[in-house]
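Trainee: I should like to go through the reasoning behind some of the labels used for this model.
Mentor: Then let us take them one at a time.

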Amino acid sequence: MRAVFSLLFFLSGTTSALAYDLVISGGRVIDPESGLDAIRNVAIDGDRIAAISEFPLHGDVIVDAAGQVVSPGFIDLHAHGQNIGDYRMQAVQGVTTMLELESGVLPIGEWYETQSAKSLPINYGAASGWTFGRIAAFSGTDPLSTTAYFQDAQSRNDWKNEVATPEQLDRILSLVERGLDEGGLGIGINAGYAPGYGQKEYFALAEIARDHGVATYTHVRYASNIEPQSSFEAIKELIGNAAITGAHMHICHINSSSLSDIHAMLDMVEEAQANGINISVEAYPYGAANTVVGAAMFSGDDWRERMSSTSENFQLGKDRLTEEQLADYQANNPGTFVTWHFLDEHEPMDLALLDASVTHPAVLIASDEVFWSYFTDDGKVLNYEGDEWPLPEKVFSHPRSSGTFAKVLRSYVRERGLMSLSEAIRKMSLMPAQTLEDFVPQMRSKGRLQIGMDADIVVFDPDTVADRATFENANQVAVGVNTVLVNGDFVVRDGQLVLDSAPGKPIRRSTD
């Protein structure tokens with residue numbers, strides 16, 4: 001008996017003496033799936049979580065997380081900027097996976113090859129982009145997986161407002177399916193930019209999603225407070241297609257899609273989900289959107305009434321537009337990205353509408369991050385594609401591009417107490433992973449802080465984490481995030497971006 005005891009003691013001592021690659025020591029560990037919320041030590045070996053313990057763990061590298069929160073890395077399902085500066089701005093606020101699902105891209109294979117050459121700090125991926133297929137079919141071109149391809153097409157109205165001919169529809173659907181065959185993470189349906197599509201076309205996309213076992217991600221076709229062609233009608237169309245086909249259909253930014261009619265939309269979502277319809281929902285914590293100034297929703301004689309907007313609702317850089325400037329950009333530079341204010345967060349009633357979408361338990365957080373742009377000397381607006389860090393002072397964007405996840409932790413958790421810390425983490429990590437995991441196996445090991453899961457981890461100070469971006473100056477880095485690990489490697493260390501760190505991996509469906 002004494003020999004057995006001695007052997008167990010020896011084995012125990014040997015195990016405790018093993019050194020892991022990295023240990024995060026003494027932090028408040030929150031895992032939204034298991035419900036763990038306690039002081040623990042977390043060990044990393046390679047790109048995986050190897051141990052979680054109440055007892056000390058030995059590591060070659062130690063991160064002291066005392067007084068800080070240790071959380072699964074945040075997962076952003078809706079991000080458009082695909083240059084290294086976009087990924088870095090997300091990383092410094094705790095995002096470890098950033099996906100382009102709403103718009104998507106085509107061709108998918110080409111896009112993944114391009115991204116793999118950029119030495120990205122966080123994980124990346126994209127859906128098969130329906131609007132790219134529609135532009136290609138109407139213009140008689142081959143799609144290009146670039147922002148410029150989408151922006152340049154804004155000067156054409158046919159793909160936005162016309163029902164496709166049978167031949168055009170065949171090409172659109174063929175291009176979308178090819179994107180899925182090349183590993184696309186579902187179908188991006190940016191219907192708000194092409195609201196003239198036929199009912200049969202949208203239904204066919206839902207059927208393709210069902211047949212391939214993937215989701216669609218829709219920016220619904222209408223945004224209007226009044227009927228007909230209202231936001232209510234557009235979301236009901238999505239829910240109807242999901243109910244009939246059985247496809248998983250995801251509603252993008254329900255806050256901006258619903259405008260001031262958010263409660264009607266949330267009630268409809270609740271009823272649909274209660275009846276087993278497979279829909280998921282996202283929102284971002286801002287009362288302003290960002291879109292091209294030539295978008296179809298800003299056209300027609302009655303768009304100002306329908307959108308409750310004038311030129312004063314549009315912002316480019318630091319300034320609001322005049323009616324003359326708005327008309328000029330729409331006529332001559334319709335692909336220019338502008339910020340569109342649809343709610344005023346300083347007004348209590350408007351803020352309450354925004355809060356309803358962000359805090360609803362069925363709604364996950366996604367940023368709708370957009371490009372960093374700058375004015376040239378002759379007044380043109382270009383997208384910033386460089387790798388300078390910090391980003392050049394001249395660039396501008398929407399504050400959601402640098403502050404979404406930090407703002408949730410600051411405003412909704414710490415300052416206003418509208419949700420618990422564990423609920424916020426669930427909305428920003430586990431829920432996004434669960435949205436994809438049925439058809440993207442890689443996501444089954446993300447969004448959790450458990451043994452065997454991917455070492456995508458964020459360590460932040462709950463008392464200081466905050467967004468600093470404003471609509472006048474979005475180019476301000478979030479604070480309070482001290483450590484970010486992606487696949488076990490430091491991307492943020494001691495609160496500073498590690499510039500030469502490039503552990504980001506492609507998130508992609510199998511193409512076998």
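Trainee: How many residues of each class, nonpolar, polar and charged, are in the lining of the largest cavity?
Mentor: In this predicted model, that lining has 7 nonpolar, 7 polar and no charged residues. The largest cavity holds about 120 Å³ of space. Of its 14 lining residues, Asn290, Thr339, Phe396, Ser397 and His398 are the closest to its centre.

Trainee: Which element gives the most to the lining of the largest cavity?
Mentor: Strand S16 does, with 3 residues. Strands S14 (314-316) and S16 (337-341) are the elements that give two or more residues to that lining.

Trainee: What lines the second largest cavity, and how do its lining residues divide by class?
Mentor: Its lining consists of Pro72, Gly73, Ser445, Lys446, Gly447, Arg448, Asp454 and Asp456. They divide into 1 nonpolar, 3 polar and 4 charged; Gly counts as polar under the class rule. About 30 Å³ of space lies in this second cavity.

Trainee: Why is H7 called roughly parallel to H8?
Mentor: Helix H7 (residues 166-181) packs against helix H8 (residues 199-212) at an angle of about 25°, and their axes are 11 Å apart. Angles under 35 degrees count as roughly parallel, so H7 is roughly parallel to H8. The crossing of H7 past H8 is right-handed.

Trainee: Which residues in H7 and H8 meet?
Mentor: Leu169, Ile172, Leu173, Val176, Glu177, Leu180 and Asp181 in H7 meet Glu201, Ala204, Leu205, Ile208 and His212 in H8. By class, this contact has 8 nonpolar, 1 polar and 3 charged residues.

Definitions and conventions
Residues numbered from 1 in each chain as written. Predicted model: local features only at pLDDT ≥ 70, side-chain atom pairs only at ≥ 80, totals over all residues. Heavy atoms only, no water. Axes fitted to C-alpha atoms, helices over the stretch in contact; angles between N-to-C directions. Helix = DSSP H or I, 4+ residues; strand = E, 2+ residues; numbered from the N terminus. Parallel < 35°, antiparallel > 145°, perpendicular 65-115°, else oblique. Left-handed = near helix turned anticlockwise from the far one by under 90°. Contact = heavy atoms within 4.5 Å. 1 Å grid on protein atoms, 1.4 Å probe; cavity = no way out; pocket = protein on both sides within 12 Å on 5 of 7 lines; lining within 4 Å. Points joined across faces, edges and corners; volume = space filled by probe spheres on them.
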